[in-house]
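Biologist: I am new to this structure and would like to learn how to read its features. Where should I begin?

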Amino acid sequence: MRSFFRWATWKIWLQNLRMVRSRQRIGEFMSSFQGRNPYLKVFSAHLHMDEATPHLHVDFIPFTTGSKRGLDTRVSLNQALANQGFTGGTRGDTEWNQWVNQRKCSFRR
């Protein structure tokens, strides 16, 4: 029984260490999110540490400026991502898919 207790304690310690490291990585990712995405205005971000995989929910409003017709500033995901250098291609290679894939790659590093 004593060795089980030690193993359980060690296992809990490792889980806590992983959670702390995950929180640090996610925090770093979020702190630089607005700088990397100037056309996505973040209005809410929630870190979930109570589930099996720590993760972040980010709520943002995509916008673009310099519109030639109507209002100067408009809400537009495609144009916001295009302003960041993402151009749509095929049906599966949209601006959104390109942006998501780049964010996943940058987070893995």
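Modeller: Begin with the term contact, which here means heavy atoms within 4.5 Å. The model is a predicted one. Among the contacts in the protein chain with a separation of 6 or more, 34% are between residues 24 or more positions apart.

Biologist: How many helices and strands are there in the protein chain, and in what order do the elements run from the N terminus?

Modeller: The chain has 4 helices and 3 strands. Read from the N terminus, the order is α-α-β-β-β-α-α.

Biologist: How do I read the sheet?

Modeller: The general idea is that strands of a sheet pair through backbone hydrogen bonds, either parallel or antiparallel. In this case the 3 strands make an open sheet in the order β1-β2-β3, with antiparallel pairing. The strands β1 (40-48) and β3 (74-75) are at the edges with a single partner strand each, so one side of each has no neighbour in the sheet.

Biologist: How many bridges join β1 to β2, and how many join β2 and β3?

Modeller: There are 8 bridges between β1 and β2, and 2 bridges between β2 and β3. The strands β1 and β2 also form a hairpin, with 6 residues between them.

Biologist: Which residues can I use to trace the pairing?

Modeller: For β1 and β2, take His-48, which stands opposite His-55 in β2. Another pair is Lys-41 and its bridge partner in β2, Ile-61. For the pairing with β3, look at Thr-64, which stands opposite Arg-74.

Biologist: Is Ile-61 buried, exposed or partly exposed?

Modeller: Ile-61 lies in strand β2, residues 55-64. Its relative accessible area is 40%, so Ile-61 counts as partly exposed. Ile-61 also belongs to a nonpolar patch on the surface, together with Phe-43 and Val-75. The accessible area of these three residues together is about 320 Å².

Biologist: What does the surface of the whole chain come to?

Modeller: The protein chain has an accessible surface of about 8,300 Å², and 56% of that belongs to carbon and sulfur atoms. As for the interior, buried residues make up 19% of the 109 residues.

Biologist: How do I read a nonpolar core?

Modeller: In soluble globular proteins, nonpolar side chains tend to be buried together. The largest nonpolar core here has 10 residues: Phe-29, Met-30, Phe-33, Leu-40, Val-42, Phe-60, Ala-80, Leu-81, Phe-86 and Trp-99. Two or more of these residues come from each of α1 (2-31), β1 and α3 (77-83).

Biologist: Which residues is Ala-80 in contact with, leaving aside its neighbours within four places in sequence?

Modeller: Ala-80 is in contact with Tyr-39, Leu-40, Pro-62 and Phe-63. Leu-81, in helix α3, is another core residue to inspect. With the sequence neighbours within four places again left aside, the contacts of Leu-81 are Leu-40, Phe-86, Glu-95, Trp-96 and Trp-99. Leu-81 is buried, with a relative accessible area of 0%.

Biologist: Is Glu-95 buried or exposed?

Modeller: Glu-95 has a relative accessible area of 16%, and buried means under 20%, so Glu-95 is buried. Glu-95 lies in helix α4, residues 95-108. Apart from neighbours within four places in sequence, Glu-95 is in contact with Asn-78, Leu-81, Phe-86, Thr-87 and Gly-88.

Biologist: How do I compare distance in sequence with distance in space?

Modeller: Take two C-alpha atoms and read both values. Glu-95 and Leu-77 are 18 residues apart in sequence, and their C-alpha atoms are 8.6 Å apart in space. For Leu-81 and Thr-94, 13 residues apart along the chain, the C-alpha separation is 9.9 Å.

How values were computed. Residues are numbered from 1 along each chain as its sequence is written. This is a predicted model: local features need pLDDT of at least 70, side-chain atom pairs count only at pLDDT 80 or more; totals for chains, interfaces and linings use all residues. Side-chain values use heavy atoms; hydrogens and water are left out. Patches are made of residues with over 30% relative accessible area and no salt bridge: like charges are joined within 9 Å, nonpolar side chains (Val, Leu, Ile, Met, Phe, Trp, Tyr) within 5 Å. Accessible areas come from the Shrake-Rupley method with a 1.4 Å probe; for residues, only the protein chains shown count as cover. A salt bridge is a side-chain nitrogen of Lys or Arg within 4 Å of a carboxyl oxygen of Asp or Glu. Buried means under 20% relative accessible area, exposed over 50%, partly exposed in between (1.4 Å probe, protein chains only). Two strands pair if DSSP finds at least two bridges between them. A nonpolar core is a set of buried Ala, Val, Leu, Ile, Met, Phe, Trp, Tyr and Cys residues joined through side-chain atoms within 4.5 Å.
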